[in-house]
Amino acid sequence: MQVYNVVKFKVKPGQEGAFLDAHRDGKAKWPGLEHGVIIRTGDQTFCLIGTWSSQDALVAARSAMIKTLDSFRAVLEDQGNGRGVTDAVSGEVVLAL
């Protein structure tokens, strides 16, 4: 069963380019990632959406994803409510549209 992850980010003003650059040129080609996109959801907000072959593939890539996050963590704003600089969820597909 295919798995998706969604990570919400709020980027500090003027840092949108640095945020996007941190994912360009293969920097976000994590092992097991089948497809990924970043969408703009507001002036300073973005979501990364990744497609994975399995939950195990996603779990195995976590350390690589955290390494990428660490490279641009300084350009992110805290999400509040104890979430830190990311708001992440993941799960298996239950219905394809």
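Which residues does Thr68 touch, not counting residues up to four places away in sequence? In this predicted model, the answer is Ala22, Lys27 and Trp30. Thr68 itself sits in helix 3. With a relative accessible area of 8%, Thr68 is buried, because buried means under 20%. One of its contacts can be described in finer detail: a polar atom of the Thr68 side chain lies 3.2 Å from the backbone oxygen of Lys27.

Helix 3 also takes part in the aromatic pairs, of which there are four. In one of them, the ring centres of Phe19 and Phe72 are 5.5 Å apart. Their planes stand at 75 degrees, so this pair is edge-to-face, a label given to angles over 60 degrees. The two partners come from distant parts of the chain: Phe19 belongs to helix 1 (residues 16–21) and Phe72 to helix 3 (residues 62–72), with their positions 53 residues apart in the numbering. Both Phe19 and Phe72 are buried. A wider picture appears when the ring pairs are followed from one to the next, as they link Phe9, Phe19, Phe46 and Phe72 into a cluster.

Charged residues come next. Side chains of opposite charge can pair when their charged atoms come close. The whole structure holds four salt bridges, and one of these joins the side chains of Lys10 and Glu77, at 3.8 Å from N to O. Lys10 is in strand 1 (residues 3–10), while Glu77 is in the loop between helix 3 and strand 4, so this bridge ties together parts that are 67 residues apart in sequence. Lys10 is partly exposed, at 32% relative accessibility, and Glu77 is also partly exposed, at 25%.

Two further salt bridges can be looked at in the same way. Asp21 pairs with Arg24, and their closest N and O atoms are 2.5 Å apart. Here Asp21 is partly exposed at 38% relative accessibility, and Arg24 is partly exposed at 42%. Asp70 pairs with Arg73, with 2.7 Å between the closest N and O atoms. Arg73 has a relative accessibility of 34% and counts as partly exposed; Asp70, at 46%, is partly exposed as well.

Finally, the surface has a nonpolar patch formed by Val94, Leu95 and Leu97, which together have about 470 Å² of accessible area. Leu95 is found in the segment that follows strand 4 (87–92). Its relative accessible area is 65%, so Leu95 counts as exposed, a term used for values over 50%.

How values were computed
Residues are numbered from 1 along each chain as its sequence is written. This is a predicted model: local features need pLDDT of at least 70, side-chain atom pairs count only at pLDDT 80 or more; totals for chains, interfaces and linings use all residues. Side-chain values use heavy atoms; hydrogens and water are left out. Patches are made of residues with over 30% relative accessible area and no salt bridge: like charges are joined within 9 Å, nonpolar side chains (Val, Leu, Ile, Met, Phe, Trp, Tyr) within 5 Å. Accessible areas come from the Shrake-Rupley method with a 1.4 Å probe; for residues, only the protein chains shown count as cover. Helices (H or I, at least four residues) and strands (E, at least two) are DSSP runs, numbered from the N terminus. Buried means under 20% relative accessible area, exposed over 50%, partly exposed in between (1.4 Å probe, protein chains only). Rings of Phe, Tyr and Trp (its six-membered ring) pair if their centres lie within 6.5 Å; planes under 30 degrees apart count as stacked, over 60 as edge-to-face and the rest as tilted. A polar contact is a pair of N or O atoms within 3.5 Å; within protein, one must be able to donate a hydrogen and the other to accept it, and residues adjacent in sequence count only if both atoms are side-chain atoms. Contact means heavy atoms within 4.5 Å.
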